[in-house]
Amino acid sequence: MAEVHHRFVTVQGRQLFYREAGPRDAPALVLLHGFPTSSFMFRHLIPALADRYRVIAPDHLGFGYSDAPSVDDFDYTFDALADHTAGLLDQLGVTRYAMYVQDYGAPIGWRLALRNPDAVTALVSQSGNAYEEGFVQEFWQPIFAYQQAPTPENEAALVPALSLDMIKWQYVTGVPDETRVDPDTWHHDHQMVSRPGNDRVQLKLFRDYATNVPLYPRVHEYLRDRRPPLLAVWGRNDPIFGPDGARAFARDQPDAEVHLLDGGHFLLESALDETAGLIRAFLGSHLKELQRAGANGGRPRRS
């Protein structure tokens, strides 16, 4: 079993927490989590991949064990979260890497790829949306309404999204056997988003999510022009980002692998072995390129 290290690094004056495992000189794989979780969602995936890769899983600012400044002290945007992720990778000396993106991790990852396309060796999207077809309207309509008109009424409609019941709903909806989902997941996430002031952080990011859809055409152009190896592995019953979002990747990257599994939004809780197997096979098929990336993507920067 791989040793997983739990570390902090200071980026732009704020502490970011990250989990890391695997050989330092192995190809780098960066895992970017979504809402409302943290790198905690990768606690089982990291050991499953760390025999062959240097796996790095940060907590975004405002999530998990990373700093969570108030909205008065920090302007929470997806641009800012991408800035901090880039700063983390720079401090770790990671210059080339594959990415796994899920939920909020996708708009952060797309920004990183657009800023420096040469850095990205491969993409794994697990409910990491890049197409309007991916939005399940029933879930997203209250968020869209809040983005267009952040009134007290529209804000009040979103507050339940931070409740224990709704976080549990994200984990168990669409899962064929709910007993496979560890209750620690929704209790852990709820504890973190319930910290004083964190509700304002999450509401701010709900609003800023509106900046992501206009970015999609640039992501599509990147996929067409660069043709990065891409694996989309989604739950076919995901109530947040539907399977059409996974299928759409093949429109711009015809070589994309698309797999729809019997599950929901958090496949790593209910279909870990199947998902990890697909990731290992996918990355293994591109191992020569990733090994070349490891030559300069896995060494810490010397001061």
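# A walk through the predicted model

Let us begin with Arg54, which lies in strand E4. The structure in front of you is a predicted model, and every value below was computed from it. Arg54 has a relative accessible area of 0%; because buried means under 20%, Arg54 counts as buried. To get a feeling for distances, look from Arg54 across to Asp225: the two residues are 171 places apart along the chain, and 27 Å separates their C-alpha atoms.

After strand E4 (54–58), a loop leads on to H2, and two of its residues make good stopping points. Phe74 is found in this loop between E4 and H2. With 10% relative accessibility, Phe74 counts as buried. What does Phe74 touch, if residues up to four places away in sequence are not counted? Its contacts are Arg14, Leu61, Pro69, Ala80 and His84. Two of these, Ala80 and His84, are also listed among the buried residues of H2. Phe74 also offers another distance to try in your viewer: its C-alpha atom is separated by 30 Å from that of His220, 146 residues apart along the chain.

The second stop is Thr77, which lies in the loop between E4 and H2 as well. Thr77 is buried, at 14% relative accessibility. Its contacts, again not counting residues up to four places away in sequence, are Lys204, Leu205 and Asp208.

Now step onto helix H2 itself, residues 78–91. How far should its 14 residues span at 1.5 Å a residue? The expected span is 20 Å, and the end C-alpha atoms are 20 Å apart, so the two values agree. The buried residues of H2 are Phe78, Ala80, Leu81, Ala82, His84, Thr85, Gly87, Leu88 and Leu89. H2 is followed by Gly93, a residue with a positive phi near 75°.

H2 also brings us to open space in the model. Rolling a probe the size of a water molecule over the atoms shows where empty space is left. The largest pocket has a volume of about 180 Å³. Its lining is made up of Ala86, Leu89, Asp90, Val94, Thr95, Tyr97, Leu112, Arg115, Asn116 and Ala119. Which elements each supply at least two residues of this lining? They are H2 and helix H3 (105–115), and the largest share, three residues, comes from H2. Leu89 appears both in the pocket lining and among the buried residues of H2.

From the pocket we can turn to enclosed space. The count comes to three cavities of 30 Å³ or more, and about 80 Å³ of space lies in the largest cavity. Lining the largest cavity are Phe35, Asp103, Tyr104, Phe139, Trp140, Ile143, Gln170, Phe206, Ile240 and Phe241. Here H4 gives the largest share of the lining, three residues.

Aromatic rings are the next topic. The structure holds 23 aromatic pairs. Take Phe135 and Tyr216: their ring centres are 6.4 Å apart and their planes meet at 25°, so the pair is stacked. This pair links distant parts of the chain, with Phe135 in the loop between strand E6 (120–125) and helix H4 (137–148) and Tyr216 in helix H9 (residues 216–226), 81 residues apart. Are these two partners buried or exposed? Phe135 is buried at a relative accessible area of 9%, and Tyr216 is buried at 3%.

Phe139 and Trp140 give us an edge-to-face pair, with 5.5 Å from centre to centre and 75° between the planes. Trp140 is buried, with a relative accessible area of 3%. You have met both residues of this pair already, in the lining of the largest cavity.

One more ring rounds off the tour. Where does Arg43 lie with respect to Phe40? Arg43 lies over the face of Phe40, at 4.2 Å from the ring centre. Phe40 also has a contact with His188, a residue of helix H7 (residues 184–193). His188 is buried, with a relative accessible area of 11%. Leaving aside neighbours within four places in sequence, His188 is in contact with Ser38 and Tyr65 as well as Phe40.

Notes
Residues are numbered from 1 along each chain as its sequence is written. This is a predicted model: local features need pLDDT of at least 70, side-chain atom pairs count only at pLDDT 80 or more; totals for chains, interfaces and linings use all residues. Side-chain values use heavy atoms; hydrogens and water are left out. Rings of Phe, Tyr and Trp (its six-membered ring) pair if their centres lie within 6.5 Å; planes under 30 degrees apart count as stacked, over 60 as edge-to-face and the rest as tilted. Helices (H or I, at least four residues) and strands (E, at least two) are DSSP runs, numbered from the N terminus. Buried means under 20% relative accessible area, exposed over 50%, partly exposed in between (1.4 Å probe, protein chains only). A charge sits over a ring if NZ of Lys or CZ of Arg is within 6 Å of the ring centre and within 35 degrees of the ring normal. The expected span of a helix is 1.5 Å times one less than its number of residues. Contact means heavy atoms within 4.5 Å. On a 1 Å grid over the protein atoms alone, a cavity is a set of points where a 1.4 Å probe fits but cannot get out, and a pocket is an open set with protein on both sides within 12 Å along at least five of seven lines; lining residues have an atom within 4 Å of a point. Grid points are joined across faces, edges and corners, and a volume is the space filled by probe spheres set on the points.
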